[in-house]
Structures are given as C-alpha cells and as structure tokens.
Amino acid sequence: MAKTAKLEIDGKIYELPVVIGSEGEHAVDVSKLRADTGYITLDDGYGNTGSCVSNVTFIDGEKGILRYRGYPIEELAEKSTFIETAFLIIYGHLPTSAELRRFSDLLTQNELLHEGMKFHFEGFPPNAHPMAILSSMINAASCYHPRLMEGYNPSHFDLQAARLISKVRTIAAFAYRKSRGLPINYPKPVYKYTANLLHMMFSEPYQDYDLKPEVVRALDLIFLLHADHEQNCSTSTVRMIASSRANLFACAAGGVCALWGPLHGGANQAVIEMLEEIHKEGDDGSKFIVAAKDKKSGRRLMGFGHRVYKNYDPRAKIIKEQCDKILNSLHITDPLLDIAKRLEDAALHDPYFIERKLYPNVDFYSGIIMRAIGIPVEMFTVIFAIGRMPGWIANYKEIMDEKTSRIYRPRQIYTGATERKYLPIEQRTGA
Ligand code: ACO
C-alpha cells in the first residue's frame, strides 16, 4: 500500500500522499492541500520544500555525497572531462565514442558568434562586470537564432544546447578581452573546449598562449565540479523561467543573474577579496574569524557553509587537493592559500562553526586555483557560469519534456495593510 502522512487541521484529519525518491528520500505531497483544506504551506527560503522531482543530480548533504546521474563526483573528477560530463548531465548516460564525437563536433561548429554581436560588446562601458556582459550577451545571442523563439522543439534541442554551451565560452572570453581593452581572439577549431577558452582569453596577436596541460586540466576540473548541483538558487531560477516556456537562452541569461550574488556563485570572488583583505591587514585570519562569528560585524566567512551540505562539500575536498597540485606544478607560493588553510583549520575547531555544521564549500579554494592560472577575480563567477550550463540545460529539458509540468507560481501569506480608502493628496498627513 502506498505510504501516506496524516495532517490534522481544525480537528479534521487529511491524508497526504508520500513520494519516495530512488535514494529513499521522503516527501509529503502537498499539491492538493489548499484545494482540500484552504491552507498552504509556508517555507521561507524554501529550505524544506521540494520544488520538483528530478533525475539529474543527487546530493546527500549530511553524508557529503554528490552524484551526477548516479556517478559519484569523485569518480567523474578522476576519470572524465567537462564535455563528457556535460553530455552525461544533459542526456542521462555516458556517451559512446560516436556520441561524444558528434557532441564535440556540434560544439566546434557553433563556437563563433555572429559578427553583429561585436557591436553589442562595444556598447558596454570599460570595466563593465563580465557577469553583466555574459547575461546580456546570452540574451542578445538568442536574437540571431529565430528558431529559439518558436518554442521548445525536441528535434532542435541538441543544436540549441550545443550552441549555448559553445557560445557562452566565446562570449565569456570576448567579455574579458573587452574589459581589458584587448583585441578579441577567435576560437580555434583544433583546440578542445577548455583549451580554447584559455586561448581566447590569453593569446595575443603576436603570440599564442602556452597551453600547459596541467592548467587546462585544472580549469576543466573546475568546470566539471560546477556542472550541476540540483535545485540551488540559479538552477531554480532557470526552472522558474523555463516553466513559463521561455526559450533556453532566456533561461540561461536569468540563471547567470541569480548566480552572480555573493551568497551563491559570486562567493568565489568574495572569498579571494576576503583573503586579500586579511593579508593586507597583516591578520593571520584569527581576527577575521572573530568578526565572522559576530552577527553585528556584517561579516561572514565566505566560502563556508551551505544550505544542503552539513558536512564537508565533496567538491571542496577535490578542489583543495587540486589547489596544492597546481600551485606545486607551477612553482607558485600564494600567501592566500596559507591564510585559507589557517582559516579552515581554525573554523573546523571552533564551536561556532561546529555547532552550525559550517564546512568549506566549493568556492573556498576554487579562486586560489583560478588566480594561479591567471584568471582575474572578476571572471571567477563567469567561469562558474560556464561550468553550470549543462546543469541548467538538463533542468530546462526536464521541464520541457514533462508533459504535465505547470508554470511555477508559489503563493504567499500576505501581512500588509488590509483594505483602506484612497485619500486625495491634500488630505494626506504622511506615513
Ligand atoms: N560565516 C559565519 N556564519 C555563518 C556562515 C558563514 N559563512 N554561514 C552561515 N552562518 C551562520 C548564520 O549566521 C546562522 O547563524 P545563527 O543560526 O546563529 O543565526 C547559521 O550559520 C545558519 O546560516 P543560514 O544563513 O541560515 O544558512 P543558509 O542555509 O540560509 O545559507 C549560505 C547558506 C548562504 C551558503 C551561508 O552559509 C553563507 O552565507 N555562506 C557564505 C557565502 C558562501 O560561501 N556562499 C556559497 C555557497 S555555495 C554556492 O552557492 C556555490
């Protein structure tokens, strides 16, 4: 017999269906609650709300588990590449050689931007934040592909998805070159995905960028580790927009904006700014830890804490190891890494952080790797956004393929003024 939960309201018992996920997670289905009882559920910040059922990514925050389509993140990080993992996330299975070749070919065929887009880039002021450029340019790019406006069509999906993943990288590189007043570099079809981004960002007209395999691998790993993370703020934003049947590029542009905030993807930039400030002030991190525990200080230990992980973020573990590796191989000593390690050690032994189960998240060490390979701090969240595209695309596809999916439209409990009369301006006395 199907499991149910009982809810008593005003002496009346209501039986609610229980939905059980493939990893044994339980949810009480309240979708008919208002129709049956007149009540809604209230869950500020959605900490206890399942907004959908999804097949893409599984997280067990208590145990520190992350799996894309069933594959542990540790195994993918060791054996896969970003593009293979992107295919896995979008299509649900690891690609055969032929599938991977076709996917890679589609990416290569779609890596150029329409020449008209160059004029859009010219319109941004110097020092425009590349996240603003990225979001605007993704939306602008949609105008060059009128089929996108025709609505979701499964037979066009492969092309639209590959187009987005490929063009986002070119837009990101152009945004960076523009912000530095440098001439743009076109992609080279001979380079693979991540190498091509490094080439477009760092080659000069007189000299090609030296593509060190360990640098390409480190950046590819960062993309792979960011490729999806179930119903976080930006992915939920993408799903929200997709539920209105907006096109894939519009959804991704909205996802970029949601990702930008310092409590989400913008934390990687905020971590480096925090570490730089600590370094500049000659603090070893101990003064900052005191401030981060004091709510009145307005400070937080950036790169620490997570809504879902109440254990070490498995991505942070992999990134920390990679951080040591790349700095050693490039013979870089970064004082910020020492400060980060000291902060982590102090926080992991501090009752404030222990009681609240605050551990390093993916952003704590990723910025140090990006600094080491020459990516400027304002591009950190852009790198995150490039990595997150497969996850957004897979979630978009899930909504579009779900025949019974409805527009996302939460309710609220209104606490404002009750009905009052409109007063002519001369009779108003002020608030
Ligand atoms: N430093 C200090 N205290 C913290 C931190 C932190 N980084 N994170 C949470 N806390 C405290 C809160 O003040 C709160 O304390 P209280 O119970 O005494 O009021 C308690 O821990 C719980 O915190 P919430 O804000 O309720 O946790 P929530 O799940 O809403 O927020 C978040 C999670 C936004 C990630 C938060 O931990 C944070 O701000 N971290 C720093 C920013 C960051 O690293 N963001 C990246 C997240 S990962 C990602 O998006 C890719």
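**Exercise 1. A loop residue with positive phi**

Locate R69 relative to the strands β5 and β6, then determine its phi and its exposure class.

*Solution.* Step 1: R69 is found in the loop that runs between β5 (65-68) and β6 (71-72). Here helices (H or I, at least four residues) and strands (E, at least two) are DSSP runs, numbered from the N terminus. The model is predicted, so local features need pLDDT of at least 70 and side-chain atom pairs count only at pLDDT 80 or more, while totals for chains, interfaces and linings use all residues. Residues are numbered from 1 along each chain as its sequence is written, and side-chain values use heavy atoms, with hydrogens and water left out.

Step 2: the phi of R69 is near 50 degrees, a positive value in a residue other than glycine. Most residues other than glycine have a negative phi.

Step 3: R69 counts as partly exposed because its relative accessibility is 21%; buried means under 20% relative accessible area, exposed over 50%, and partly exposed in between (1.4 Å probe, protein chains only).

**Exercise 2. A second positive phi**

Carry out the analysis for R245, giving its loop, its phi and its exposure class.

*Solution.* Step 1: R245 lies in the loop between α10 (233-243) and α11 (248-260). Step 2: the phi of R245 is near 70 degrees, and R245 is a residue other than glycine with a positive value. Step 3: with 39% relative accessibility, R245 is classed as partly exposed.

**Exercise 3. Sequence separation and distance in space**

For A267, A340, L224 and V30, state the element or loop that holds each residue, its exposure class and one C-alpha separation.

*Solution.* Step 1: A267 belongs to helix α12 (residues 267-280). This residue is buried, because its relative accessible area is 6%. A267 and G367 are 100 residues apart in sequence, and their C-alpha atoms are 9.3 Å apart in space.

Step 2: A340 is part of helix α15 (residues 335-348). At 0% relative accessibility, A340 is therefore counted as buried. A separation of 46 Å divides the C-alpha atoms of A340 and M149, which are 191 residues apart along the chain.

Step 3: L224 sits in helix α9, and its relative accessible area of 0% is why L224 is classed as buried. Between the C-alpha atoms of L224 and K341, 117 residues apart along the chain, the distance is 23 Å.

Step 4: V30 occupies the loop between β3 (26-28) and α1 (33-37). Its relative accessible area of 32% makes V30 partly exposed. The C-alpha atoms of V30 and T41 are 7.8 Å apart, with eleven residues of separation along the chain.

**Exercise 4. The ligand and its shell**

Describe the shell of residues around the ligand, its composition by class and the polar contacts made by H264, L301 and N361.

*Solution.* Step 1: the ligand is surrounded by 20 residues (a heavy atom within 4 Å). The closest are R300, L301, G303, R307 and Y352.

Step 2: the shell comprises ten nonpolar, five polar and five charged residues. Ala, Val, Leu, Ile, Met, Phe, Trp, Tyr, Cys and Pro count as nonpolar, Asp, Glu, Lys and Arg as charged, and the others, Gly among them, as polar.

Step 3: polar contacts are pairs of N or O atoms within 3.5 Å. An N or O atom in the side chain of H264 is 2.9 Å from an oxygen atom of the ligand. A polar side-chain atom of N361 likewise lies 2.9 Å from a ligand oxygen atom. L301 contributes a backbone N or O atom, 2.8 Å from a nitrogen atom of the ligand.

Step 4: taken alone, the ligand exposes 920 Å², of which the protein buries 76% (Shrake-Rupley method, 1.4 Å probe).

**Exercise 5. The enclosed cavity**

Determine how many cavities of 30 Å³ or more the model contains, and describe the lining of the largest cavity.

*Solution.* Step 1: a cavity is a set of points on a 1 Å grid over the protein atoms alone where a 1.4 Å probe fits but cannot get out, and lining residues have an atom within 4 Å of a point. Grid points are joined across faces, edges and corners, and a volume is the space filled by probe spheres set on the points. The count comes to one cavity of 30 Å³ or more.

Step 2: the volume of the largest cavity is about 100 Å³. Its lining includes R147, Y152, H156, N247 and Y396.

Step 3: three lining residues come from helix α7 (residues 154-179), which gives the most. By class, the lining has five nonpolar, five polar and one charged residues.

Technical notes:
A polar contact is a pair of N or O atoms within 3.5 Å; within protein, one must be able to donate a hydrogen and the other to accept it, and residues adjacent in sequence count only if both atoms are side-chain atoms. On a 1 Å grid over the protein atoms alone, a cavity is a set of points where a 1.4 Å probe fits but cannot get out, and a pocket is an open set with protein on both sides within 12 Å along at least five of seven lines; lining residues have an atom within 4 Å of a point.
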